[in-house]
Amino acid sequence: MASAALPVPEAAAAAAPVQPKKKSNFKYACTCALSASMATVVLGYDVGVMSGASLYIKEDLRLTDVQVEIMMGILSVYALLGSFAGARTSDWIGRRYTVIIAAAIFFAGSLLMGFAVNYVMFMFGRFVCGMGVGFAIMVAPVYTAEVAPASTRGLLTSFTEVFINVGILLGYVSNFAFARLPHHINWRIMLGVGAVPSALLALMVLGMPESPRWLVMKGRLADARVVLEKTSDTPEEAVERLDQIKAAAGIPHDLDGDVVAVPKRKGGNEKQVWKELIFSPTPVMRRILLAALGVHFFQQATGSDSVVLYSPRVFKSAGITGDNHLLGVTCAMGVTKTLFILLATFQIDRVGRRPLLLTSTAGMLVCLIGLGTGLTVVGQHPDEKITWAIGLCIASTLAYVSFFSMGLGPITSVYVSEVFPLRVRALGFALGVACNRVTSAAISMTFLSLSKAITIGGSFFLYAGLAALGWLFFYAFVPETRGQPLEDIGKLFGMKDAAVEDDDDTATKDKQVKAAAVEMN
């Protein structure tokens, strides 16, 4: 009896179903995401370095406050043009080579600004940099979302915002490191150093694979299959992802081969894409577009650029004096932003997009009220040093960037890169970036004038009101997307499967043919 019982565990083990073994492909997908996301360092560095460099540029080039506002905010307008050019370029030559173009453009712009001899030449350098930034912030999240498996897409896509914050911190450190040099030299070095990460980025991207979804759109199924096998958790997942992408691209399930002709279908050409997304959208597409544009709008309308770009001026208004103290506190703000966004990247796929978004916006609302209160009290007593009000301003600013970095900051690019269907994804994301950059330009180019009109404290009370509206919008119009395959996210807004749409189209055509036959009889 005992001897008969011995083989039972082995028999049970043999009878148990074999679970598919997970492949260790996370490192490869993570490397791809890191390489692409480094493109957004250029935006962060420009934002961070200009916050301090503008103090010396204004002095050296003898600029007015209006010229400074334009100089600070115009990059967002130029980035708007770059994002649309980047969307078209990425659909034409691929996501990977578009990242290289972004790096090359920003490299040239950084050198132009560093060697500028007057305001006109400097602004031309801003134009070139802005185009590079537009390319970068459009293509990096799209590429990462298309490469990443659903299980870690939130984590990997949030790397774009992580590197923006790393760039901001590097810009602050550059300000602090070179501030002691002569004022006609220091700002040139601060800006010229921005060419270094661009050159490193161009070299790193050469080792990246192309986006599997872009490859499928071009009919290169064999190349797409290779990338998916390297980035999926299991071979079965790679096959499933390929089938979903083929369906989204309009390629029949039974059509296979190394290179296939992609059938033309509704939404397959550029004019149809614009029609489907902008000129004649379905109610479902309209809801998707509203959610995407709303998230981008409120990310900027809640005053994040005013806090980051004008942080030395904000701290000076709070009663902190001396360049070293101002830039030192600004560096502390940069460290806080970076630490909290690193924390957020590991919570996006655990907690979800929606809870973090709502918590983040509510926290920002409280902090903006605190910052507005502190600045108002300090402004009403210019000859007194009110310690508690200064402390409230510093604490509110650090808490604000912390709440921003744990939710609204990283989730914007993650969410918008997910919600659009494949056929309109590049254009949809570009429209989101455009909304983001226009709002950013409006905020950054009016902050100084707004502060003079309603006081600097009143400006932050206004941003608090916009944060309250943002929270209501997110609660009403932004569904959770955590863990959903990209091709299935449209269902959250009421979209049908591509296969179902095709069946509906076929059924409609059949009915039309039958009706025509009846009329002829």
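## Salt bridges, a helix pair and aromatic contacts

At 0% relative accessibility, E146 counts as buried. In this predicted model, the side chain of E146 meets that of R425 in a salt bridge, with N and O 3.4 Å apart. Because R425 lies in helix α24 (residues 425-444) and E146 in helix α7 (residues 119-147), the pair ties together parts that are 279 residues apart in sequence. R425 likewise counts as buried, at 1% relative accessibility, and both residues belong to a network of salt bridges that links D91, R95, E146 and R425.

Side chains of opposite charge can pair when their charged atoms come close. The structure holds 11 salt bridges, among them the three listed here.

| Pair | N to O distance | Helices | Separation in sequence |
|---|---|---|---|
| R425 and E146 | 3.4 Å | α24 and α7 | 279 residues |
| E418 and R353 | 2.5 Å | α23 and α21 | 65 residues |
| D65 and K452 | 3.2 Å | α5 and α25 | 387 residues |

The side chains of E418 and R353 meet in a salt bridge at 2.5 Å, N to O; E418 lies in helix α23 (residues 408-419) and R353 in helix α21 (residues 353-380), so this pair ties together parts that are 65 residues apart in sequence. Both E418 and R353 are buried.

How exposed are the partners of the salt bridge between D65 and K452? D65 is partly exposed, with a relative accessible area of 22%, whereas K452 is exposed, with a relative accessible area of 64%. The closest N and O atoms of this salt bridge are 3.2 Å apart, and the pair ties together parts that are 387 residues apart in sequence, since D65 lies in helix α5 (residues 65-93) and K452 in helix α25.

Helix α25 also takes part in a helix packing. Two packed helices are described by the angle between their axes and the distance between the axes. For helix α25 (residues 447-454) and helix α26 (residues 456-477) the angle is about 110° and the axes are 6 Å apart; α25 and α26 are therefore roughly perpendicular to each other. On the α25 side the contact involves F447, L450, S451 and I454, which meet I456, G458, S459, F460, L462 and Y463 in α26. The residues of this contact divide into 7 nonpolar, 3 polar and no charged.

T455 is placed in the loop between α25 and α26. Its phi is near 75°, a positive value in a residue other than glycine, and at 46% relative accessibility T455 counts as partly exposed. A positive phi, near 55°, is also found at R62, again a residue other than glycine; R62 lies in the loop between α4 (41-61) and α5 and is exposed, with a relative accessible area of 76%.

Aromatic contacts complete the description. The structure holds 14 aromatic pairs, including that of Y400 and F404, whose ring centres are 6.5 Å apart and whose planes lie at 15°, so the pair is stacked. Being 4 residues apart in helix α22 (residues 387-406), Y400 and F404 are separated by about one helical turn. Y400 counts as buried at 2% relative accessibility, and F404 is buried with a relative accessible area of 6%. Elsewhere, F297, F298, F473, F474 and F477 form one aromatic cluster.

Technical notes
Residues numbered from 1 in each chain as written. Predicted model: local features only at pLDDT ≥ 70, side-chain atom pairs only at ≥ 80, totals over all residues. Heavy atoms only, no water. Axes fitted to C-alpha atoms, helices over the stretch in contact; angles between N-to-C directions. Helix = DSSP H or I, 4+ residues; strand = E, 2+ residues; numbered from the N terminus. Parallel < 35°, antiparallel > 145°, perpendicular 65-115°, else oblique. Contact = heavy atoms within 4.5 Å. Nonpolar A, V, L, I, M, F, W, Y, C, P; charged D, E, K, R; others polar. Salt bridge = Lys/Arg side-chain N within 4 Å of Asp/Glu carboxyl O. Buried < 20%, exposed > 50% of the residue type's maximum accessible area, 1.4 Å probe, protein only. Phe/Tyr/Trp six-rings, centres within 6.5 Å; stacked < 30°, edge-to-face > 60°.
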